[in-house]
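Let's take a walk through a protein structure together, starting with the overall picture and ending with a few small details. Keep the view open and turn it as you read.

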Number of protein chains: 2
Amino acid sequence: MKVIEGLLKIDKALPVAVYLQVTNGIIAYIRQGTLKPGTALPPSRVLAKSLNIHRKTVVAAYDELYAQSWVDVYPRKGVFVARNLPEVSPRYIANMVPRVGIATETLYQFTDKITTQHMFKRNPESNLVFNDGFPDTRLAPIELMAREYRRFGGYHFTPRYLMYGPEQGSENLRTELARFLFETRGVQASAADILVTKGVQMAIYLIAQILLSKGDTVIAGDPGYPAANEVFEQAGAELALVPVDEMGIDLDAVEDICKKKKVKILYVIPHHHRPTTVTLSSERRMQLLELSMKYKFAIVEDDYDYDFHYASSPILPLCSADYYGSVIYVGSFCKTIAPGIRIGFVVAPQNLIIQLAKLRRMIDRQGEQLLEEAMASLLNNGDIGRHLKKVNKIYHERRDILCGLLREKLGEQISFKIPDGGFAIWLKYRDGIKAANVAKKAAEMHLTVSNGVDYFYKSANQSFIRIGYASLNAKELGQGVDILKKAVDKVV
Amino acid sequence: MKVIEGLLKIDKALPVAVYLQVTNGIIAYIRQGTLKPGTALPPSRVLAKSLNIHRKTVVAAYDELYAQSWVDVYPRKGVFVARNLPEVSPRYIANMVPRVGIATETLYQFTDKITTQHMFKRNPESNLVFNDGFPDTRLAPIELMAREYRRFGGYHFTPRYLMYGPEQGSENLRTELARFLFETRGVQASAADILVTKGVQMAIYLIAQILLSKGDTVIAGDPGYPAANEVFEQAGAELALVPVDEMGIDLDAVEDICKKKKVKILYVIPHHHRPTTVTLSSERRMQLLELSMKYKFAIVEDDYDYDFHYASSPILPLCSADYYGSVIYVGSFCKTIAPGIRIGFVVAPQNLIIQLAKLRRMIDRQGEQLLEEAMASLLNNGDIGRHLKKVNKIYHERRDILCGLLREKLGEQISFKIPDGGFAIWLKYRDGIKAANVAKKAAEMHLTVSNGVDYFYKSANQSFIRIGYASLNAKELGQGVDILKKAVDKVV
């Protein structure tokens, strides 16, 4: 008897009801064999006393155990572990003693295919983070998502969306996306031209795996987006990097490469190049479309932040003017809802979409249909549009606050251009100030700020950093800049 | 003025509130430029009349337009399209007219990497489906999922789970999984030994991509699971198929292959082999573990339906007795909750888990953290355990009903063994009856039943089919068997 009383651990701070803690604890000991069939359980008042909980709680636990067939109840005798346990108990493999723990190393050999990975790292001791340009998840419309999920509970169509579904993604969502892309950026796709993905990341992975073979050339800007570059290299491609100036990627450099190599993909972020935030000029866009026709390469147009633009008129995506099927357009709602809600898309000619969808089926079968239906509903009823208006206003203000503070407090040590949109500014420390040193000093004061290493793909230029402003409010931006100022002062 | 009244389409049957349909319609026409800044909108009473809706609805729409800054309101004058539109209007690329629609073919060339794909196809005209063995989504605990999502709305930790998170999956979920796997099947993993995936499908994809190189050999049973075989081939491997008998896969055949080729992976479903439902015997399990040590190959143990067992005691997974790090254990909750809720896992030595997680990061960055937290909570509070008990009872009954009906009505034309668990039976038509012919006749009577082509990987044996019983209730099973009986009678 004492066994149970000694073994059960009750923690009233846990989110699990105490009676369930008692129930689950007892089930675990029955399963393990510590409590054998036929064993009497202590009277509820005894167990309640020794666990220091209310007797009714123990009664509720015993009721639950009875309902689940784990115990038999005999009037005037008491509660006993059931003679016929509700679950068949598993058998060990003949003559084999189960192993405690998983082996630390595999017996078979394999080579690590992925050695390094670029990523933004939050210093765990930081209270404040200047990230790489993420949205503020405190503004995420979680109550709208919860509302949609709540509605699913009452819908007779819900079971259908819980079954296997189309690997290309929800038809409702693709239809709404087509409308949204047309209304917001002049991309005239039909539902059939769209593949729903898990964020831009999966879009790029699928494209790379389908289009690239070992030794193919992929052109990308430098500084650029390492998470894309890595995916192209993983698919066997060789990267050919081109400089990025005030007008975007350097197209003369692109053509030089095309003359020498068979280029398969050019990867570009025309709206706000990442990391520098510059917009590819209208003239270069035309020129780029012409180059893609001349040299027959695919343009992967990553338009992850088109919906976030605060200044002069945005230029429509390359995709909207793609007459020949050169452009593969990728985007997402990871910045609109939240990075953790991973809905992205590819717009491309259908012969490519079909291949991408087949690969997607092999990788993870399909997306979350309920999430996709929820997104379709939020697009259809205008919630996404309203949310975008709301957060654009806030991010616009935050951009102005950060730029103002930086000019005021660090004007001598840094230079930057106010970005037209997005989530971050691209900042250059004046000569002699090393980003890594500033980051180190800032970390001591519990601020995470970029150390400047991940922007140029394989070079040592470390005088630039990105400072995300979107996820911090005015007070936090003020605190962040104050610490940054102190950190810079310490290294000069 | 007539423009709006003629253009707006109101559909009261839509789930979108009518006032929002009016609002969104007007915004669309402002965006398109049909309604220019400064244009007067019709008085609410006029518009209401012409659209045949209540005036208050139009007032609500105008209020919404005003709140969103799409219109200016001048007292005693009326409502006008705002002179300063709330969104910057996009610019076309210089000299380029936007293209109508997406090109149908890509300009650049690529070879289709994925040509055929095996999959269960529901006949669109069927009212009733004998599927390949899927759970009944009408029994999915959607109200529990909705409850968890509703809770997130009120939690201050929610914004954290909406941010980028660990590619290995939620730590809470991995901790709960470790407990669940130990309690239910003696697998003693720690959270660090587990990777959360999107179903078993992603688990197999990641393993194949990390472990396999072009020309490596993978052993699998035939008949087998084509969705796994395809992934191994996609990763460049050559399949070596071995027969499956009453005791599971033929291990003499496995050793013969190991003597001739460098085997990298053996893929096996020991609990209920798919499609035949046989359990790998205890003796063969020991022998298989020994072979893996001798020839140093990885065993990929797919245990997708361990939680569904109705008969004699299940045998613990190979993984529970893996002393040397040979076994990679994969499973999922896609059958527990619903196929559309894609949560799976890999248990393996940490040197492999690290590589799998890195690749996962490249593919789609991470899983849905909120979904993973919801699953962790459902495991922790015992909801999953209770749900499994409930549906096991139902599926057990359905298995017995189907088997009874088949014996009674089709006893002469078929043979099968009652499966110990899972979702389907493996049925052989007597000689002379072709599965494809039966399927065709059944389709005419609006029943989808397997045509027998997808079980043997590259062979023409088409006298076997799987009949899923789990997703149909007693009445539906009765109707299905009646039609199947008629269909069989027509082809003999």
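## A guided walk through two chains

In chain A, residues 24 or more positions apart account for 71% of the contacts with a separation of 6 or more. Please keep in mind that what you are looking at is a predicted model.

Let's stay with chain A and get a feel for its dimensions. Its C-alpha atoms fill a box of roughly 90 × 55 × 55 Å, taken along the principal axes. If you trace the backbone, you will meet 16 helices and 15 strands. Of the 492 residues in chain A, 50% count as buried. The domain assignment splits the chain into domain 1 (2–81), domain 2 (128–134 + 387–491) and domain 3 (142–381). Notice that domain 2 is written as two stretches of the sequence, 128–134 and 387–491. Taken over C-alpha atoms, the centres of domain 1 and domain 2 of chain A are 56 Å apart.

Now bring chain B into view. How is chain A superposed on chain B? A rotation of 180° does it, with 0.0 Å of shift along the axis and an RMSD of 0.1 Å. The two copies are therefore related as by a two-fold rotation axis. Both copies use the same surface, since 100% of the contact residues of chain A recur in chain B.

Where the chains meet, 115 residues of chain A are in contact with 115 residues of chain B. Helix α12 of chain A, residues 350–364, gives the largest share of chain A's side, with 10 residues. Sorted by character, the residues on that side are 56 nonpolar, 33 polar and 26 charged.

Helix α12 of chain A is worth a closer look, and A:R360 is a residue you can find in it. Is A:R360 buried or exposed? A residue is called buried if 20 or more other C-beta atoms lie within 10 Å of its own. A:R360 has 28 such atoms, so it is buried. Leaving aside residues up to four places away in sequence, A:R360 touches A:E167, A:L195 and A:L206. For A:V187, 173 residues apart from A:R360 along the chain, the C-alpha separation is 23 Å.

Next, let's look inside. In soluble globular proteins, nonpolar side chains tend to be buried together. Here the largest nonpolar core has 194 residues, and those with the most contacts inside it are A:I328, A:V347, B:I328 and B:V347. Try clicking on A:I328: among the residues it touches, beyond those up to four places away in sequence, are A:I207, A:A298, A:V300 and A:L352.

Over in chain B, B:V346 sits in strand β11, residues 344–347. It has 27 C-beta neighbours inside 10 Å, so B:V346 counts as buried. Its contacts, not counting residues up to four places away in sequence, include B:L195, B:A203, B:I328 and B:L356. B:V346 and B:G331 are 15 residues apart along the chain, and their C-alpha atoms are separated by 6.9 Å.

Helix α8 of chain B, residues 199–211, lets you check a simple rule. At 1.5 Å a residue, its 13 residues should span 18 Å, and its end C-alpha atoms are 19 Å apart, which agrees. Since 13 of the 13 residues of this helix are buried, α8 of chain B is largely enclosed by the rest of the structure.

Let's finish with some backbone details. Most residues other than glycine have a negative phi, and most peptide bonds are trans. Against that background, B:D222 and B:P223 are joined by a cis peptide bond, with omega about 5°. B:P223 lies in the loop between β5 and α9 of chain B. Another cis peptide bond joins B:R274 and B:P275, with omega about 15°, and B:P275 is in the loop between β8 and α11 of chain B.

As for phi, A:K296 has a positive value near 50° and is not a glycine. A:K296 lies in the loop between α11 and β9 of chain A, and with 17 other C-beta atoms within 10 Å it is partly exposed. B:H446, also not a glycine, has a positive phi of about 65°. You will find B:H446 in the loop between α15 and β14 of chain B, where it is partly exposed, with 14 other C-beta atoms within 10 Å.

How values were computed: Residues are numbered from 1 along each chain as its sequence is written. Chains are lettered from A and ligands numbered from 1 in the order in which they are written. This is a predicted model: local features need pLDDT of at least 70, side-chain atom pairs count only at pLDDT 80 or more; totals for chains, interfaces and linings use all residues. Copies are superposed by least squares on the C-alpha atoms of residues with pLDDT of at least 70 in both. Two residues are in contact if their C-beta atoms, placed from the backbone, lie within 7 Å. Helices (H or I, at least four residues) and strands (E, at least two) are DSSP runs, numbered from the N terminus. Ala, Val, Leu, Ile, Met, Phe, Trp, Tyr, Cys and Pro count as nonpolar, Asp, Glu, Lys and Arg as charged, and the others, Gly among them, as polar. A residue is buried if 20 or more other C-beta atoms lie within 10 Å of its own, exposed if 12 or fewer, and partly exposed in between; C-beta atoms are placed from the backbone. Domain bounds come from an automatic or database domain assignment. A nonpolar core is a set of buried Ala, Val, Leu, Ile, Met, Phe, Trp, Tyr and Cys residues joined through C-beta atoms within 7 Å. The expected span of a helix is 1.5 Å times one less than its number of residues.
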